[in-house]
Amino acid sequence: MLRSADLQKLVPTVLAGLLLAGCGASSLAPALAPPTSSTTAREAGTARFDVDVESGQVKVTPLDGDAASRAVFTGSTVAFQTTTLVDLPGNSGVRALGVSLTNRSGSPIGRDHLRVVIRHLKAGPSAAAGIRQHIRVSTVSALSGLRGLTFGPDDSYYVARVADHRIYKAVDGQLTAWAGRGGAGYVDGAPTVARFNQPIDVIYHPTQQALYVTDSGNHRVRRIAANGAVTTVAGTGTAGAADGVGNMATLDGPQFIDVQADGALVVTTADGRVRRITLTGADPSLPASYTVTTVASGLTTPMGIAADPDGILYVAERTAHRIRRIDRNNASSVIVGNGGAGITDGPGDIARLHSPVGLGWAGGALVVADSLGQRMRLVTRRGSGSPALRPSWYVQNIAGSLDGTSGDVVGLGEEALFKAPWGVRARPDGAVILTAVQNSTIAAFDLPAGLVTSGVGDPTSGELVRVSNPSGQFGPNGGVLPFFDYPLPAGSLAHGASTQPAEWWFDVPASVRAFSFIATVEAATVAQVVPEHHQAAESPSNLVQTIIPLNRTARVTEVDGPAVRATIHQSTTGLAVDPDGVVYLASAKTVRRFDPQTNVITTIAGHPHYDLLAPGEGTFQRFSALRGIAAPRPGLLFVADEGDHSIYLLQHTSGSLADSASWSAQRVIGTGTAGVPTGSANSPIYSPRGIDARDERS
């Protein structure tokens, strides 16, 4: 973190957040070279961090450094100790690591501080092109006529087979008939007595420990209990679209089925509908215990359906070559495709599908069986836009042919070939099973941790993992590399000694499951200089750090929070530093506080848009045109309001210094109207701008 002594040298001419601090010289190492571009492919640094977001586990791999061109320590010289990744309370999406450094060399290192530069920060272990190299497709079972399938308990699978109208169970790759006598028909009862007519899909309901089957030819949904007994839960045998109690509602050729988080069943039907079947009675084996409602209608050949943990539904429209999203209010929108067939990867408004059938939700992304594209596709969120819009999604080929060629090959995703991939089921841990109709097989693969993420595939998406609280940032060649400074109170770090731990905060999008980065520990230098302008630096003893980078697209707004995400209003003209090194900024209508210990900026007085509020709305102090600010001691500020012709005193009363409710404001000089001062505090003054204060009295 930035030191108090550093921050007291802040000057008003660097409102974008440049920090100048005098640093001592050292003869232990050459001058600090400018950081290399973050796009370099070589892993040159002190250590690689691989972080699993879901478990919080961190793997640290020592690296060989890059001593030939940079003054950095190798992984055998400096070791990292790190906590697990944890959520920060009250900061949605912000996670923290506690990291300290240990000197493993035979002599002291550093001079006043050590610096850790973060590079190659990205979601997942590789870029999109590499995902096909991390997937290995294997054959689980082989049998003709297979359609939809599901994970069962105890590592078993269940699959619907239309060829003989049965449901099969797979254990250790061996398929055996589980329910259905064989031959088309409609009979409830024991597994060897019951009959189905073109069963299309099957889903295991973990709460009920039962299977549900879309019995397409019978226009019914059937239930298979744990003992194999088959009953009907919805449909009369006549095609239709009537809602109501299960034994009175009608279905038209039910196709694919899934279970929502609340236990309700969702089913696609041949008449372009999505139906919801909810257990409302006590006995799950009776159709009278179920209620059927319509979620959506007018879809084009809806097939695969997947429900995410938030209750959002995704439906594959096979002949329209697209995927539709249906929210909890039953509002639907297309998120991939425009109605034309194709095999193009890319954002949802550019990508093309070719007869998508099966869908599976794999812990943050959709896995799609693109049946005539002869490939498996992955659909992930991208950017920060609305999830109802196609540009907010990204499609990529993760296994199968690149040109649409069919085949029968297992192996890596880039080697595998399919003939009409059809049914899909996926788990939150990334396990995927599928049927390939013309291969007559059940295949399986795992999505590697970190590859089911919006950070994969499209580096311009805008939804990336970011460092939220760096000591500073510098930008060689237009890039941004955050860094952390570790103060060394003893002047250097002795052999075997460790630094105090520092918190590294990361802003992690909700869909990112893992991320990695390279941490480079910089050696002590002869002279700290501006990294991106070291050749032209006027003083070799100045260290310039960007605290809050200028966001030109947001310069007329004020966003509080971690410095890397905060914004500063273009009207900000006042800056003061209190004796504790806390920075205070005055914009036209607000006073804001930047704490270098947390790298967080908050508004403590005023409101940027109070002129848009109704009279009396809000309890905050209203300023007109603040210009100057002074901070003579912690918890005490003076601000000059040019527009209000007044000087205000801001005092911390109680509670957190970062909370506006903990501050009071009162006019101490001026009346609110322009005039000539008479010598008393309550006399008018005229447009005050600059202000300074040694203490609360002068």
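Visitor: Which residue forms a salt bridge with Arg222, and how far apart are the closest N and O atoms?

Guide: Happy to start there, bearing in mind that this is a predicted model. Both members of this pair, Arg222 and Asp215, are buried. Arg222 bridges to Asp215, with the closest N and O atoms 2.6 Å apart.

Visitor: How many salt bridges does the structure hold?

Guide: Side chains of opposite charge can pair when their charged atoms come close. The pair of Arg222 and Asp215 is one such salt bridge. For the structure, the count of salt bridges is 21.

Visitor: How many residues apart in sequence are the parts that Asp201 and Arg425 tie together?

Guide: These two side chains form a salt bridge, their closest N and O atoms being 3.2 Å apart. Asp201 belongs to strand E13 (residues 199-205) and Arg425 to strand E32 (residues 421-426), so their pairing ties together parts whose separation in sequence is 224 residues.

Visitor: Are Asp201 and Arg425 buried or exposed?

Guide: Buried means a relative accessible area under 20%. Asp201 and Arg425, the partners in the 3.2 Å salt bridge, are both in that class: buried.

Visitor: Where does Asp345, the partner of Arg377, lie?

Guide: The side chains of Arg377 and Asp345 meet in a salt bridge at 3.0 Å, N to O. Arg377 sits in strand E29 (residues 375-381), and the pair ties together parts 32 residues apart in sequence, because Asp345 lies in the loop between strand E25 (332-336) and strand E26 (346-347).

Visitor: Does Asp345 count as buried, exposed or partly exposed, and what is its relative accessibility?

Guide: Its partner Arg377 is buried, with a relative accessible area of 0%. Partly exposed covers values between the 20% and 50% cut-offs. Asp345 therefore counts as partly exposed, at 31%.

Visitor: Which residues do salt bridges that share partners join into one network?

Guide: Here the bridges have partners in common, and that links the residues into one network. Its members are Arg161, Asp164 and Arg166.

Visitor: What is the phi of Asp155?

Guide: Most residues other than glycine have a negative phi. Asp155 is placed in the loop between strand E9 (146-151) and strand E10 (157-161), and Asp155 is exposed, with a relative accessible area of 70%. Although Asp155 is not a glycine, its phi is positive, at about 65°.

Visitor: Is His645 buried or exposed, and what is its relative accessibility?

Guide: His645, also not a glycine, has a positive phi of about 55°. His645 lies in the loop between strand E47 (636-641) and strand E48 (646-652). Buried means under 20%, so His645 counts as buried, at 14%.

Methods. Residues are numbered from 1 along each chain as its sequence is written. This is a predicted model: local features need pLDDT of at least 70, side-chain atom pairs count only at pLDDT 80 or more; totals for chains, interfaces and linings use all residues. Side-chain values use heavy atoms; hydrogens and water are left out. A salt bridge is a side-chain nitrogen of Lys or Arg within 4 Å of a carboxyl oxygen of Asp or Glu. Helices (H or I, at least four residues) and strands (E, at least two) are DSSP runs, numbered from the N terminus. Buried means under 20% relative accessible area, exposed over 50%, partly exposed in between (1.4 Å probe, protein chains only).
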